[in-house]
Amino acid sequence: MITVIISIDPSTKFLFDIVDCLKSNSIDFELIEIHPNTDSYKSCLDNIAKLPENSTILFLGHGQDDQIYGGELLDDFPKQPFVKRNEMGIFKNQNIFLLACDSASLIKSSFRIAKTNKAIGFGPLPTEIEEVESDKKLANEGITLDTIELFKQAINETVILSLLKFFKDESKDFIFLKDYLNLHLNKRINKAILEENNRNLADLLFNMKNDMVIY
């Protein structure tokens, strides 16, 4: 069973391209949307707890090294923790793909609690200018809003290609998803350097690939 969980948030709206592409390619999945209200947070957690073991779960949203977040509505409902580190057991015996900032650290630190079959996570994924400005290294590299938009497009492109390849070959183990991501990220990095002459985009994609983990 495939389940896609997405946080409803103005800053993660671009990730719906992944959802739409899975639909248009006839991938059968259940969609769980975490809307910016307390009732939605609770009902989504209830739905996750009821998923059969050995499901493949894709989470698309924001994260930190100690939690992933639910939906946000600017000043009306600031994003709140959806699953904290000590609550990661909700994913026990599942395969989880956390497309969220610092989810690699979350997976590492919660591995004994979560007891997942396999889990894929990432390091920082700067998709807002504020995230760049708060990172001295990125700020000094001159990452612009245009580069961030290209990075968001590249995230969608590489993740979509990798998911479609993985889902269309049911014999593949979950670990192959990371292999497909490595392949498509490498191709996109080469394109950024050789065809687009965009070193900053290539660096962001390299960091995405380099920080990716599977446990």
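The buried residues of helix α1 pack against strands β1, β2 (30–34), β3 and β7 and against helix α6. In this predicted model, those buried residues are I18, V19 and L22. Looking down the axis of α1, they sit within an arc of 100°, so they line one face of the helix. Just after α1 comes S26, which has a positive phi, near 60°.

One of the strands that α1 packs against, β7, deserves a closer look. β7 covers residues 95–99, and five of the five are buried, so the strand is largely enclosed by the rest of the structure. Its side chains split two ways: N95, F97 and L99 point one way, while I96 and L98 point the other way, and all of them are buried. This fits the usual pattern, as side chains in a regular strand alternate between the two faces of the sheet.

β7 also has strand partners. Strand β3 (residues 56–60) pairs with β7 in the parallel sense, over five bridges, and N95 is the bridge partner of T56. Strand β8 (residues 118–121) pairs with β7 in the parallel sense too, here over three bridges, with I96 opposite A119. To get from β7 to β8 the chain passes through helix α3 (residues 103–114), and this β-α-β crossover is right-handed.

Then there is the nonpolar interior. In soluble globular proteins, nonpolar side chains tend to be buried together. Here the largest nonpolar core holds 45 residues, and the members touching the most other members are I18, L22, F97, L99, F122, V159 and M208. At least two core residues come from each of β1 (2–7), α1 (16–24), β3, β7, α6 (145–167), α7 (175–194) and α8 (199–211). The largest share, ten residues, belongs to α6. As for F122, leaving aside its neighbours within four places in sequence, its contacts include F97, L98 and L99 of the β7 region, along with L181, M208 and M212. Another core lies apart from the largest one; it has 22 residues, among them C44, I68, I107 and A114.

Charged side chains pair up as well, and a search of the whole structure turns up four salt bridges. One joins K42 to D46, with the closest N and O atoms 3.1 Å apart. These two are four residues apart in helix α2 (residues 38–49), which puts about one helical turn between them. K42 counts as exposed, at 51% relative accessibility, whereas D46 is partly exposed at 33%.

Helix α6 has a salt bridge of its own, between K152 and E149 (3.1 Å, N to O). The two residues are three apart in the helix, about one turn. K152 is buried, with a relative accessible area of 13%, and E149 counts as partly exposed at 33%.

A further salt bridge connects R188 and E157, at 3.4 Å from N to O. This pair ties together distant parts of the chain, since R188 is in helix α7 and E157 is in helix α6, 31 residues apart. R188 counts as buried at 7% relative accessibility, while E157 is partly exposed at 35%. The link goes further still: E157, R188 and E196 form a network of salt bridges.

Notes
Residues are numbered from 1 along each chain as its sequence is written. This is a predicted model: local features need pLDDT of at least 70, side-chain atom pairs count only at pLDDT 80 or more; totals for chains, interfaces and linings use all residues. Side-chain values use heavy atoms; hydrogens and water are left out. Buried means under 20% relative accessible area, exposed over 50%, partly exposed in between (1.4 Å probe, protein chains only). Two strands pair if DSSP finds at least two bridges between them. A crossover is right-handed if, with the strands pointing away from the viewer, the path from the first strand over the helix to the second runs clockwise. A nonpolar core is a set of buried Ala, Val, Leu, Ile, Met, Phe, Trp, Tyr and Cys residues joined through side-chain atoms within 4.5 Å. Contact means heavy atoms within 4.5 Å. The arc is that of the directions from the helix axis to the C-beta atoms.
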